[in-house]
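Please read the following report alongside the sequence and the three-dimensional view shown here. The text takes up strands, metal sites, a helix and the nonpolar interior in turn.

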Amino acid sequence: MKEYVPGRAHVDDTPELERWYAELAGRDMGALWTVANTIEPWHPKPPSVPVLWRWRDTRPAVMRALDLVKPEQAGRRVVMLVNPGGRPISAACGLLYTGVQVMGPGEGASAHRHMASALRFIMEGSGAYTVVDGERIDLEARDFVLTPNGTWHDHNVDESGSVCIWQDGLDIPLVNALDANFYAVHPNLRQMPSRPVDASFSLYGAGFLQPAALRRGWNKPHSPLLKYPFEETYAALRRASNAGAESPFDGVLMEYVNPLTGGPVMPTIGASMQFLRPGEHTRAHRHTGSFIYQVAKGSGFSVIAGQRFDWTEQDIFCVPSWAPHEHANASATEDACLFCFSDLPVMRALSLYHEEEWVENGGYQVVAEHAA
Ligand SMILES: [Fe+2]
Ligand SMILES: [Fe+2]
């Protein structure tokens, strides 16, 4: 791609150059100026595009998987959500993967661990639990749960439970892009819980910390709190909304954090819950980072890269890096909540976070420039 602009590559082809390019290719070399404008765009040009996966389409597909395969054969019975631009790397957006997993009463997925970090956001059913490094975590609708990289984890539904469905979010494409992925199956296939049920929530979930817990220290890179129940999250958002804490671009947005550090829940994946008051319509902005949303409550629409997507509960949609976006709660009486996970911790750790806001009659103006 030639750009006839000062400072950009625009070498015109000649038969002599073309012969030389072929010679270079034969020696595993190339001329930078033939690709420079493509590999160094003026701004991010993600292959991922905005997509809305409607629950009314996703749920029947997931229920069909329940009939067709057993978890013992599939490992994990999941319908992946695949971005048209992310198909070769099984990405839902950027370098993030997401899928919807279903499990019937009495079923379980064998214990395993991997270098990809994982989270789940529970969608429906009762009796589901995840065991993370020996801790059983009971799961209810709209709970947010971590299975950090390197931790042994398995997922199960009690015999007395119902069909359970949840969204998985992982950074598999990122870890693969860095050629750093490992996968292991637990030698016993199922873990024997070795800690009290929901121990991490009991210890770290109340917003208070025992001095002893602080003294003992925590040397893992992820949050010691593994479950963030929706009830607590929603109550915190409502309180913050009443207190007037809000952003013109996000409404009231709370990040799920590591209670010991205030940092992200995992080194590579951050997550948040966003609260849009009745009738609220946020201002447009654009920034780096890939974002996958699930509508936890309410209905409304988002305008992403100029396209309107109308969403309702349990729909999943994505905002690719640098796509301008704004969100609106369509109800005049009910609030709306958007769960979201993203690669923001990576953007911040690598000083790649860049944000611009839309200013009427002024266009996009820089808010944060390649910041940490
Ligand atoms: Fe896993
Ligand atoms: Fe945003």
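In which sense do strand 2 and strand 3 pair, and over how many bridges? Strand 2 and strand 3 (residues 97-103) pair in the antiparallel sense over 4 bridges, where strands are DSSP runs of E with at least two residues and helices are runs of H or I with at least four, both numbered from the N terminus, and where two strands pair if DSSP finds at least two bridges between them. This is a predicted model, in which local features need pLDDT of at least 70 and side-chain atom pairs count only at pLDDT 80 or more, whereas totals for chains, interfaces and linings use all residues. Residues are numbered from 1 along each chain as its sequence is written, chains are lettered from A and ligands numbered from 1 in the order in which they are written, and side-chain values use heavy atoms, with hydrogens and water left out.

Within the pairing of strands 2 and 3, Met-80 has Gly-99 as its bridge partner. Both strands belong to an open sheet of 6 strands, with antiparallel pairing and the order 2-3-10-5-8-12; its edges are strand 2 (78-81) and strand 12 (227-228), each of which pairs on one side only.

The two iron sites are set out below, with donors taken as N, O and S atoms within 2.8 Å of the metal (3.2 Å for Na, K and Ca); water is not among the atoms, so sites may look incomplete.

| Iron ion | Protein donors | Distance | Citation |
|---|---|---|---|
| Ligand 1 | His-112 (NE2), His-114 (NE2), His-153 (NE2) | 2.1 to 2.2 Å | |
| Ligand 2 | His-285 (NE2), His-287 (NE2), His-325 (NE2) | 2.1 to 2.2 Å | |

Along the chain, the donors of ligand 1 are spaced H-x1-H-x38-H. Because His-112 lies in strand 4 (residues 108-114) and His-153 in strand 9 (residues 153-157), this pair ties together parts that are 41 residues apart in sequence. For ligand 2 the spacing is H-x1-H-x37-H, and His-285 in strand 15 (residues 285-287) and His-325 in strand 20 (residues 325-329) link parts of the chain that are 40 residues apart.

His-112 is buried at 2% relative accessibility, where buried means under 20% relative accessible area, exposed over 50% and partly exposed in between (1.4 Å probe, protein chains only). His-153 is likewise buried, with a relative accessible area of 2%, and both His-285 and His-325 are buried as well.

Strand 4 itself is mostly covered, with 5 of its 7 residues buried. Strand 4 pairs with strand 9 in the antiparallel sense over 3 bridges, and Ala-109 stands opposite His-155 there. Strand 4 is also joined by 3 bridges to strand 11 (residues 183-185), again running antiparallel, and here the iron donor His-112 stands opposite Val-185.

In helix 1 (residues 15-26), Leu-17, Tyr-21 and Leu-24 are buried. These three cover an arc of only 60° around the axis (taken from the directions from the helix axis to the C-beta atoms), which puts them on the same side of helix 1. The face turned away from that buried side carries the exposed residues Pro-15, Glu-16, Arg-19, Ala-22 and Gly-26.

The largest nonpolar core (a set of buried Ala, Val, Leu, Ile, Met, Phe, Trp, Tyr and Cys residues joined through side-chain atoms within 4.5 Å) has 51 residues, and Phe-144 and Tyr-256 are among those that touch the most other members. A second, separate core of 18 residues includes Leu-276, Phe-317, Cys-340 and Leu-344.

Note on methods:
The expected span of a helix is 1.5 Å times one less than its number of residues.
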